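I opened this notebook to record what I looked up in the structure. The entries follow the order of my queries.

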Amino acid sequence: DNVKFDSVWWRGRRIRKEDEVQAAQEGAYVLWRTEKTSYRSYSCSVCLADQGSVEGGEVQFFERFGDKEPIASMKCEPGSAVAFCGCPRNIHAVTGVRRGFRLVLLVWTRPPHVRVPESQQQ
């Protein structure tokens with residue numbers, strides 16, 4: 001599994017590393033590792049399935065890192081997308097899916113001269 005969190009929190013308590021993915025899927029608050037995406041320029045999330053039966057899975061944007069309340073929250077219709085600058089100026093997250101499933105195509109870009117750090121290559 002390539003999911004890497006800084007930390008996952010549920011009801012004010014930090015979740016053990018081995019339980020993070022399940023907790024995130026059940027709606028826990030996730031803090032992401034910022035260095036994992038520092039080389040990306042633009043990001044796009046294309047919705048591939050009907051989100052009407054999904055509880056959670058909203059793309060949220062925050063004014064500052066660490067803010068609890070988003071300044072915008074979006075849930076797409078099939079075939080539509082949310083595209084944004086993937087840089088540190090657009091702090092974003094996806095809420096945990098509590099019911100149903102979220103099926104999206106994620107696209108990231110970077111300028112040709114920007115190299116992916118060796119620690120982030122797969």
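**Entry 1: the sheet around E4**

I began with a residue pair and found that Tyr 42 stands opposite Thr 109 in E9. The model is predicted, and I read every value below with that in mind.

I then asked how many bridges join E4 to E9. I counted six bridges between E4 and E9, and the two strands run antiparallel.

On the other partner of E4, I noted that five bridges join E4 to E7, again in antiparallel fashion. Two residue pairs served as register marks here. Ser 45 stands opposite Val 82 in E7, and the bridge partner of Val 46 in E7 is Ala 81.

Putting the strands in order, I obtained an open sheet of three strands, E7-E4-E9, with antiparallel pairing. Strand E7 (81–85) and strand E9 (104–109) stand at the edges with a single partner strand each, so one side of each is left without a neighbour in the sheet. I recorded an average twist of 10° from one strand to the next.

**Entry 2: the sheet around E5**

I next looked up which order the strands take in the sheet that contains E5. The order is E6-E5-E8, an open sheet of three strands with antiparallel pairing. Here E6 and strand E8 (91–94) are the edge strands; each has a single partner strand, and therefore one side of each lacks a neighbour in the sheet. Neighbouring strands of this sheet are turned by 20° against each other on average, direction ignored.

For the pairing of E5 with E8, I found four bridges in the antiparallel sense. One residue pair I noted is Phe 62, whose bridge partner in E8 is Ile 91.

**Entry 3: Glu 58**

I wished to know where Glu 58 lies. I located Glu 58 in the loop between strand E4 (42–47) and strand E5 (59–62). The side chain of Glu 58 is joined to that of Thr 95 by a polar contact of 2.7 Å. Leaving aside residues up to four places away in sequence, I listed the residues that Glu 58 touches as Ser 73, Met 74, Lys 75, Ala 93, Val 94 and Thr 95.

**Entry 4: the whole chain**

I tallied the secondary structure as one helix and nine strands. From the N terminus on, I read the elements as β-β-α-β-β-β-β-β-β-β.

Among contacts with a separation of 6 or more, I found that residues 24 or more positions apart account for 70%. Of the 122 residues of the protein, 32% count as buried. The protein exposes about 8400 Å², and carbon and sulfur atoms supply 53% of that area.

**Entry 5: confidence**

I closed with the predictor's confidence. The mean pLDDT of the protein is 76, and 72% of the residues reach 70 or more. I asked where confidence is lowest and where it is highest. The lowest value belongs to strand E3 (residues 29–32), at a mean of 62, and the highest to strand E6 (residues 72–74), at 91. Where pLDDT is low, the predicted coordinates should not be read in detail.

Note on methods. Residues are numbered from 1 along each chain as its sequence is written. This is a predicted model: local features need pLDDT of at least 70, side-chain atom pairs count only at pLDDT 80 or more; totals for chains, interfaces and linings use all residues. Side-chain values use heavy atoms; hydrogens and water are left out. A polar contact is a pair of N or O atoms within 3.5 Å; within protein, one must be able to donate a hydrogen and the other to accept it, and residues adjacent in sequence count only if both atoms are side-chain atoms. Contact means heavy atoms within 4.5 Å. Two strands pair if DSSP finds at least two bridges between them. Axes are lines fitted to C-alpha atoms, for helices over the stretch in contact, and angles run from 0 to 180 degrees between N-to-C directions. pLDDT is the predictor's confidence in each residue, from 0 to 100. Buried means under 20% relative accessible area, exposed over 50%, partly exposed in between (1.4 Å probe, protein chains only). Accessible areas come from the Shrake-Rupley method with a 1.4 Å probe; for residues, only the protein chains shown count as cover.
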